[in-house]
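Dear colleague,

Please find below the structure that I am handing over to you, with the findings set out after it. I would be grateful if you could read them alongside the coordinates.

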Amino acid sequence: MNSYSIEVENLTKKFGEFTAVDNISFKVAKGEIFGFLGANGAGKTTAMRMLTGLSKPTSGQGTVAGFNVIRDHEKIKTRIGYMSQKFSLYEDLTVRQNIRLFGGIYGLSNQEIREKSETILHDLRLSEVSSKLVAALPLGWKQRLAFAISMIHDPDIVFLDEPTGGVDPFVRRQFWEAIYEAAGHGRTIFVTTHYLDEAEYCDRVSIMVSGRIEALDTPTNLKKQFNASTMDNVFVKLVR
Amino acid sequence: MPAIEVNNTSRTYGKVQALNSISLSVEYGELFGLIGPDGAGKSTLFRILTTLLLADTGTASVAGHDVVQSYRQIRKEVGYMPGRFSLYQDLTVEENLRFFATIFNTTIEENYNLIKDIYEQIEPFKKRPAGKLSGGMKQKLALSCALIHKPKVLFLDEPTTGVDAVSRQEFWDMLKNLKEKGIAILVSTPYMDEASLCDRIALIQSGKILQTDTPEEIVKSYPSPLYAIRSNNNYELLKVLRDKNYTKSALPFGEYLHLATHTSMGVDEIISTLNTGNYPDLEIKPIKPDIEDLFLELSREV
């Protein structure tokens with residue numbers, strides 16, 4: 001049994017002459033919270049599109065959730081969850097309708113959707129607002145609902161795109177606790193962000209600069225390596 | 001007379017109270033930070049002060065002019081960088097700058113010394129459409145355009161949101177230079193770590209100002225002993241700590257947990273309450289609070 005959720009080697013993506021992602025290699029263990037960082041335009045989004053099966057690598061190889069990123073990219077999509085802060089739920093559908101919609105998209109049976117709905121509503125204490133429009137929920141509730149829905153099909157990996165940038169410090173902490181909980185159950189969490197303070201919550205962090213991974217380690221070791229007090233300083237030293 | 005003065009200003013949108021009796025004042029040459037999360041009311045205050053929105057109650061003046069009576073005068077004397085990028089995407093860098101100079105009845109050349117340090121960094125790309133710039137470069141262009149008419153007061157609504165750490169640091173260096181030229185700057189940010197770069201800050205949440213002071217004084221007002229704790233299983237440790245009688249609050253803080261206790265305790269005293277066999281790499285140290293600790297403490301009381 002493979003103990004890695006993500007394993008890629010020399011993954012490269014070119015657009016014409018431009019190399020957006022340049023020979024990146026890394027492994028992410030099962031149940032790890034992995035931070036994927038980089039400046040604007042460093043290639044994070046392109047790399048993530050390859051990992052989530054949305055874009056075919058120009059060269060290189062690897063597996064995500066046990067599936068080959070080149071041959072089986074359609075299968076990858078069935079074993080991963082995705083959530084971004086910007087868009088995750090349909091605001092003009094109710095809480096329950098959102099759960100049903102995403103359950104349906106991921107191919108759950110009606111029976112499974114009913115069961116999952118009850119579990120999610122119960123765990124997040126949302127039963128009383130289950131027929132309210134998502135638009136009416138406070139941001140913190142929306143986020144945790146979106147996170148729960150991104151795991152409705154029990155994926156091996158959840159990709160989180162800037163999950164807590166700019167949100168209330170208290171809400172952000174509640175959200176990280178939910179992330180810790182999911183990781184504690186063996187789910188791999190892949191966080192892309194350019195908010196450096198989000199990186200401090202991750203087990204390990206990689207930093208991309210101009211298409212390459214220039215650093216990869218625990219936040220503590222990176223701070224030591226770059227003689228920096230915060231991840232912000234690590235980043236600045238690396239990029240400058 | 002202060003550059004910005006706000007007295008008991010409130011504003012609602014339907015049932016939502018966006019601003020709840022806000023008061024503050026900002027001096028010329030002062031860099032004043034409005035620190036709070038999304039939805040706190042920061043942008044509403046900016047829109048009132050830049051005369052784009054009327055308050056329901058309260059008074060406010062900018063550069064000595066009342067925001068209702070003398071709104072036309074204010075518009076000539078302030079620079080405003082809204083939260084959303086709002087330059088003309090299909091005009092080039094240079095065309096945008098010239099456009100803003102022209103509508104304020106001036107020229108790029110007349111006030112070039114004010115923007116020189118900033119504009120020089122994007123000048124190599126002056127023929128590029130603004131929509132094709134990177135986040136950091138867009139932000140520098142927007143700042144140049146907000147400064148080209150030599151404003152007395154500068155309003156920057158979340159200028160560093162969505163911008164990478166390097167550009168953020170450069171941006172704050174630029175603000176420091178501008179304030180030394182006597183410009184009053186009101187800047188908002190959701191990044192707590194940027195608060196320490198301001199002369200004074202107001203912490204704002206749900207339309208209310210929680211506290212206003214220098215960053216140093218704000219942090220001093222934190223009421224409890226505070227410890228940073230780390231182990232190989234922070235999440236489990238967090239739950240354990242929350243059940244202890246001595247715990248006032250326990251919250252994740254990146255690699256560490258921050259534990260606030262009701263009374264001062266020795267590190268060994270805390271360790272003695274934990275089953276250390278479960279945490280081989282346990283690390284505990286007393287720490288000084290930062291702005292985010294205080295924000296969390298204050299927002300618990302709201």
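Just after helix 1 of chain B, residue B:Thr51 adopts a positive phi of about 65°. This is a predicted model, and the angle should be read as a property of that model. The helix that precedes B:Thr51 spans residues 42-49, and 6 of its 8 residues are buried, so the rest of the structure largely encloses it. The buried residues are B:Lys42, B:Thr44, B:Leu45, B:Phe46, B:Ile48 and B:Leu49.

Positive phi values occur elsewhere in chain B. Most residues other than glycine have a negative phi. B:Lys150, which is not a glycine, nevertheless has a positive phi of about 55°. B:Lys150 belongs to the loop that runs between helix 5 (135-147) and strand 7 (153-157) of chain B. With a relative accessible area of 56%, B:Lys150 is above the 50% cut-off and therefore counts as exposed. B:Ser206 is a further case, with a positive phi near 45°. Its place is the loop between strand 9 (200-205) and strand 10 (208-213) of chain B. B:Ser206 is partly exposed, because its relative accessible area of 47% falls between the 20% and 50% limits.

As to annotation, an unreviewed UniProt entry places the feature "domain: ABC transporter" at residues 4-231 of chain B. Over residues 4-231, chain B is 32% helix and 29% strand, and the C-alpha atoms at the two ends are 47 Å apart.

I turn next to the contact between the chains. Chain B contributes 28 residues and chain A contributes 26 residues. Together the two chains bury about 2,500 Å², of which 53% is on carbon and sulfur atoms. Within the area that chain B buries against chain A, B:Tyr235, B:Pro252 and B:Glu255 supply 23%, more than any other three residues. There are 4 salt bridges between chain B and chain A. In the salt bridge of A:Asp232 with B:Arg168, the closest N and O atoms are 3.2 Å apart.

Which residues does B:Glu292 contact, beyond its neighbours within four places in sequence? They are A:Pro169, A:Arg172, A:Arg173, B:Met192 and B:Phe253, so the list draws on both chains. B:Glu292 is found in helix 10 (residues 291-301) of chain B. Its relative accessible area is 12%, under the 20% cut-off, and B:Glu292 is therefore buried. B:Phe253 is 39 residues away from B:Glu292 in sequence, while their C-alpha atoms are 9.5 Å apart in space. Another of these contacts, A:Arg173, lies over the face of B:Phe253 at 4.0 Å from the ring centre. Within chain B, the charged end of B:Lys138 likewise sits over the ring of B:Phe85, 5.1 Å from its centre.

Finally, aromatic pairs number 15 over all chains. The pair of A:Phe26 and A:Phe34 is stacked, because the ring centres are 5.3 Å apart and the planes meet at 5°, which is under the 30 degrees that stacking requires. Both A:Phe26 and A:Phe34 are buried. These two residues form one aromatic cluster with A:Phe36, A:Phe159 and A:Phe190.

Yours sincerely

Conventions: Residues are numbered from 1 along each chain as its sequence is written. Chains are lettered from A and ligands numbered from 1 in the order in which they are written. This is a predicted model: local features need pLDDT of at least 70, side-chain atom pairs count only at pLDDT 80 or more; totals for chains, interfaces and linings use all residues. Side-chain values use heavy atoms; hydrogens and water are left out. Rings of Phe, Tyr and Trp (its six-membered ring) pair if their centres lie within 6.5 Å; planes under 30 degrees apart count as stacked, over 60 as edge-to-face and the rest as tilted. Buried means under 20% relative accessible area, exposed over 50%, partly exposed in between (1.4 Å probe, protein chains only). A charge sits over a ring if NZ of Lys or CZ of Arg is within 6 Å of the ring centre and within 35 degrees of the ring normal. UniProt positions are given in the numbering used here, feature names are shortened, and annotations may be inferred rather than shown by experiment. Helices (H or I, at least four residues) and strands (E, at least two) are DSSP runs, numbered from the N terminus. Contact means heavy atoms within 4.5 Å. Buried area is the accessible area (1.4 Å probe) that two parts lose on being put together, summed over both. A salt bridge is a side-chain nitrogen of Lys or Arg within 4 Å of a carboxyl oxygen of Asp or Glu.
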